[in-house]
Amino acid sequence: MSSTVFGEAIPLKTIQNKYLFKKKLGQGGYCDVFLAENRESGDKVAVKMMEIGPENDITTRRVDRFRREMMLYKRLDHPNIVKVVTSGQTDTGLLFIIFD
């Protein structure tokens with residue numbers, strides 16, 4: 001289910017029914033990045049998202065790369081690097097990483 005926020009098409013209204021999408025911040029070769037807000041705390045987060053499915057030209061190699069990236073971000077610990085809040089895959093097949 002996609003929706004429109006500030007004139008930008010976004011793939012969902014929320015992730016995990018906890019993070020409300022606010023706007024699209026940018027896009028790269030195979031991912032989009034969105035600003036979202038934690039509905040409980042009001043904290044702002046960045047959501048990096050990659051859609052997978054039959055209508056997309058996403059190869060197994062790209063999915064594996066994204067999953068490795070998720071694991072790498074989780075291992076990083078430095079005051080000048082954003083931290084991963086959570087990551088996973090939605091029921092609709094979207095891979096995501098949420099950063100603080």
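Where is leucine 72 found? I looked there first and found leucine 72 in helix α1, which covers residues 60–75. I note at the outset that this is a predicted model.

**Entry: leucine 72 and its patch**

I checked how open leucine 72 is. Its relative accessible area is 44%, so leucine 72 counts as partly exposed. I then looked for a patch around this residue. Leu72, Leu76, Ile81 and Val82 make a nonpolar surface patch of about 300 Å².

**Entry: the overall plan**

I counted one helix and eight strands. Along the sequence I read the pattern β-β-β-β-β-β-α-β-β. The protein has 100 residues, and 33% of them count as buried. I noted an accessible surface of about 6,500 Å². Carbon and sulfur atoms hold 48% of that surface. I also looked at contacts between residues at least 6 apart in sequence. Of these, 34% join residues at least 24 apart.

**Entry: the cores**

Which residues make up the largest nonpolar core? I listed twelve: Leu12, Ile15, Tyr19, Phe21, Phe34, Ala36, Val45, Val47, Met49, Leu94, Phe96 and Ile98. I then asked which elements give two or more residues to this core. They are β4 (19–27), β5 (32–38), β6 (44–51) and β8 (94–99). Apart from this core lies another, with nine residues, including Tyr30, Met50, Ile97 and Phe99.

I took alanine 36 as one member of the largest core to follow up. I left aside its neighbours within four places in sequence. Alanine 36 then touches Tyr19, Leu20, Phe21, Lys22, Asp43, Lys44, Val45 and Val47.

**Entry: aromatic pairs**

How many aromatic pairs does a search of the whole structure find? The search gives two. In one pair, the ring centres of phenylalanine 21 and phenylalanine 34 are 5.2 Å apart, and the planes stand at 85°, so I wrote down edge-to-face. This pair links distant parts of the chain, with phenylalanine 21 in strand β4 and phenylalanine 34 in strand β5, 13 residues apart. Both phenylalanine 21 and phenylalanine 34 are buried.

Tyrosine 73 and phenylalanine 99 also form an edge-to-face pair, at 4.9 Å centre to centre and 90° between the planes. Tyrosine 73 lies in helix α1 and phenylalanine 99 in strand β8, so this pair ties together parts 26 residues apart in sequence. Is tyrosine 73 buried or partly exposed? I found tyrosine 73 partly exposed, with a relative accessible area of 24%. Phenylalanine 99 is buried, because its 8% relative accessible area falls under the 20% cut-off.

**Entry: threonine 90**

I found threonine 90 in the loop between β7 (84–89) and β8. At 15% relative accessibility, threonine 90 counts as buried. Neighbours within four places in sequence aside, threonine 90 is in contact with Leu12 and Phe96. Both Leu12 and Phe96 are on my list for the largest core.

**Entry: salt bridges**

A search of the whole structure finds four salt bridges. I looked up three pairs. Glutamate 37 and lysine 44 form a salt bridge, with their closest N and O atoms 2.8 Å apart. Lysine 44 is partly exposed, at 49% relative accessible area. Lysine 83 forms a salt bridge with aspartate 77, with 3.1 Å between the closest N and O atoms. Lysine 83 is partly exposed at 37%, while aspartate 77 is exposed at 65%. Aspartate 32 and lysine 24 also meet through their side chains in a salt bridge, 3.7 Å from N to O. Aspartate 32 is partly exposed, with a relative accessible area of 25%.

Note on methods. Residues numbered from 1 in each chain as written. Predicted model: local features only at pLDDT ≥ 70, side-chain atom pairs only at ≥ 80, totals over all residues. Heavy atoms only, no water. Core = buried A, V, L, I, M, F, W, Y, C linked by side-chain atoms within 4.5 Å. Buried < 20%, exposed > 50% of the residue type's maximum accessible area, 1.4 Å probe, protein only. Helix = DSSP H or I, 4+ residues; strand = E, 2+ residues; numbered from the N terminus. Contact = heavy atoms within 4.5 Å. Areas by Shrake-Rupley, 256 points an atom, 1.4 Å probe, with all protein chains shown as cover. Patch = residues over 30% accessible without salt bridge, like charges linked within 9 Å, V, L, I, M, F, W, Y side chains within 5 Å. Phe/Tyr/Trp six-rings, centres within 6.5 Å; stacked < 30°, edge-to-face > 60°.
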